2 protein chains.
Amino acid sequence: MKTNFKRKLIIVDDHLLFSQSLELLIKSFGEYDVIERFENGKVFIDYLEENNPTDIDLILLDVNMPVLDGLSTMKWLKDNRPDLKVIALSVNDDEEIIIKMITNGAKGYLLKDTSPEIFKDAIECVVEKGFYFTELVSGMLINKVNNDNKKISLKEKEIVFIKHACTEMTYKEIASEMCLSPKTIDGYRESLFDKLEIKTRIGLVLYAIKHKIVFV
Amino acid sequence: MKTNFKRKLIIVDDHLLFSQSLELLIKSFGEYDVIERFENGKVFIDYLEENNPTDIDLILLDVNMPVLDGLSTMKWLKDNRPDLKVIALSVNDDEEIIIKMITNGAKGYLLKDTSPEIFKDAIECVVEKGFYFTELVSGMLINKVNNDNKKISLKEKEIVFIKHACTEMTYKEIASEMCLSPKTIDGYRESLFDKLEIKTRIGLVLYAIKHKIVFV
DNA sequence: TTCAGCAAGGGGAAATATACCCTTTTTTGT
DNA sequence: ACAAAAAAGGGTATATTTCCCCTTGCTGAA
């Protein structure tokens, strides 16, 4: 007669092999039930909107998913269901994305190479105390607040220009493509070189790829 | 009294959460036992060399791992234990790596978003019939043999030059870095532009990143 | 053995493209 | 109405791209 007191979990992950396996692992802990699984943020949000469930104890949210990814899902949750507790799961330790998930309300961020023991701790901790941050994550948070003053923000036109700069077009061609004078383009270029502390178009391309402005 | 006839599997994957969960899933199929789990190719090979096991029915090998990755492990197996059957598991469908895993002896290649049902089929199929290829993989094999004639091969010097070209150095600087005349560098550049069908240094950078000659 | 052929390394020169600096006009927000 | 951006222009110095030619050394076939 103890089954009614199990915590209710939801898994959102496109790797079916993983999510279905993880369900078994979580159930083996004995204290949790996986009540639903979804393969991307879209179908998960659809479910939330249709059913408006109020008895969910924890969401395990994958970061890299097709259709609607973890970050977009997290942003939606922040606006629409801030009551739901989320632990983000991911294979990558990219600082940018970790910070964004946390600032959008994730209560924890675990890498998929975490041991099951720590995983169990994290689930318990978030359900009971409300959050769980590994050293990796807290380190990044500290690093972030220290460097936050020198943040770089790019305007929409600049982004468009950068994308074109990552092709074999000349600046002249880019100018006509964007319906601007080559001199304006030159202005964009110069201000970006300045902002991003680079000296050549090659540097711009490398920056764009590193910061996922363009994809290769 | 049926436990002795279960097939013996080994999982090699650095994502502990995944491998431990997957073990539960596989056991739930009823016909298989996961006799060992390893978190990278190195410790797996160490185990093989020490124990020389002969009763392994199947290896589930992750492609992206630290220390020694799936491809290197596969190459070792091809040379040292070609009797072992391997299904490669990965999140990415990069043609290059799939082809290499297959040509190095993997009997199957599954993406981690495969459904557990197909996964079960694949395991059975490889254990019984010796191989299992999804449409994705066979499509790539066909595509490969068709395009194999127009393969591009780069010389060592060219690779070095490309790596330098993916920095903010000028060609002159690259020349002095490589202890060659700027004119020789210019020759490399021109022949590469020709071979790779590109027209600018930007194109070279994009090519290099796409083909993993440099990393960002 | 000799010689054609080819690849690697280097050269001249001209046409474009990039990068930098500084000024002027146009638009915009308040 | 006015200051701040955004857009555009002038001028100049390098860097890059393109084309065509030269040497040297090696290799394979006659």
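**Close-up views of a predicted two-chain model with DNA strand D**

**Figure 1. The rotation axis relating chains A and B.** Within chain B, the residue whose C-alpha approaches the rotation axis most closely is B:Ser21, at 2.2 Å. In this predicted model, chain B is superposed on chain A by a rotation of 180 degrees with 0.1 Å of shift along the axis, giving an RMSD of 0.6 Å. The two copies are therefore related as by a two-fold rotation axis. Both copies use the same surface, for 100% of the contact residues of chain B recur in chain A.

**Figure 2. The protein surroundings of DNA strand D.** DNA strand D is surrounded by 17 residues, and the closest are A:Lys157, A:Thr184, A:Tyr188, B:Tyr171 and B:Arg189. Of the strand atoms that come within 4 Å of the protein, 65% belong to sugar and phosphate. By residue class, the surface near DNA strand D comprises 9 charged, 4 polar and 4 nonpolar residues.

**Figure 3. Phosphate oxygens of DNA strand D and their protein partners.** In chain A, an N or O atom of the A:Tyr188 side chain lies 2.4 Å from a phosphate oxygen of the strand. In chain B, the side chain of B:Tyr171 places an N or O atom 2.6 Å from a phosphate oxygen. B:Arg201 contributes a backbone N or O atom, located 2.7 Å from a phosphate oxygen of DNA strand D.

**Figure 4. Helical elements at the surface near DNA strand D.** Two or more residues each are given to this surface by α9 (182-196) of chain A and by α8 (171-177) and α9 (182-195) of chain B. The greatest contribution, 4 residues, is that of α9(B).

Terms used:
Residues are numbered from 1 along each chain as its sequence is written. Chains are lettered from A and ligands numbered from 1 in the order in which they are written. This is a predicted model: local features need pLDDT of at least 70, side-chain atom pairs count only at pLDDT 80 or more; totals for chains, interfaces and linings use all residues. Side-chain values use heavy atoms; hydrogens and water are left out. A residue is near a molecule or strand if one of its heavy atoms lies within 4 Å of it. A polar contact is a pair of N or O atoms within 3.5 Å; within protein, one must be able to donate a hydrogen and the other to accept it, and residues adjacent in sequence count only if both atoms are side-chain atoms. Ala, Val, Leu, Ile, Met, Phe, Trp, Tyr, Cys and Pro count as nonpolar, Asp, Glu, Lys and Arg as charged, and the others, Gly among them, as polar. Copies are superposed by least squares on the C-alpha atoms of residues with pLDDT of at least 70 in both. Contact means heavy atoms within 4.5 Å.
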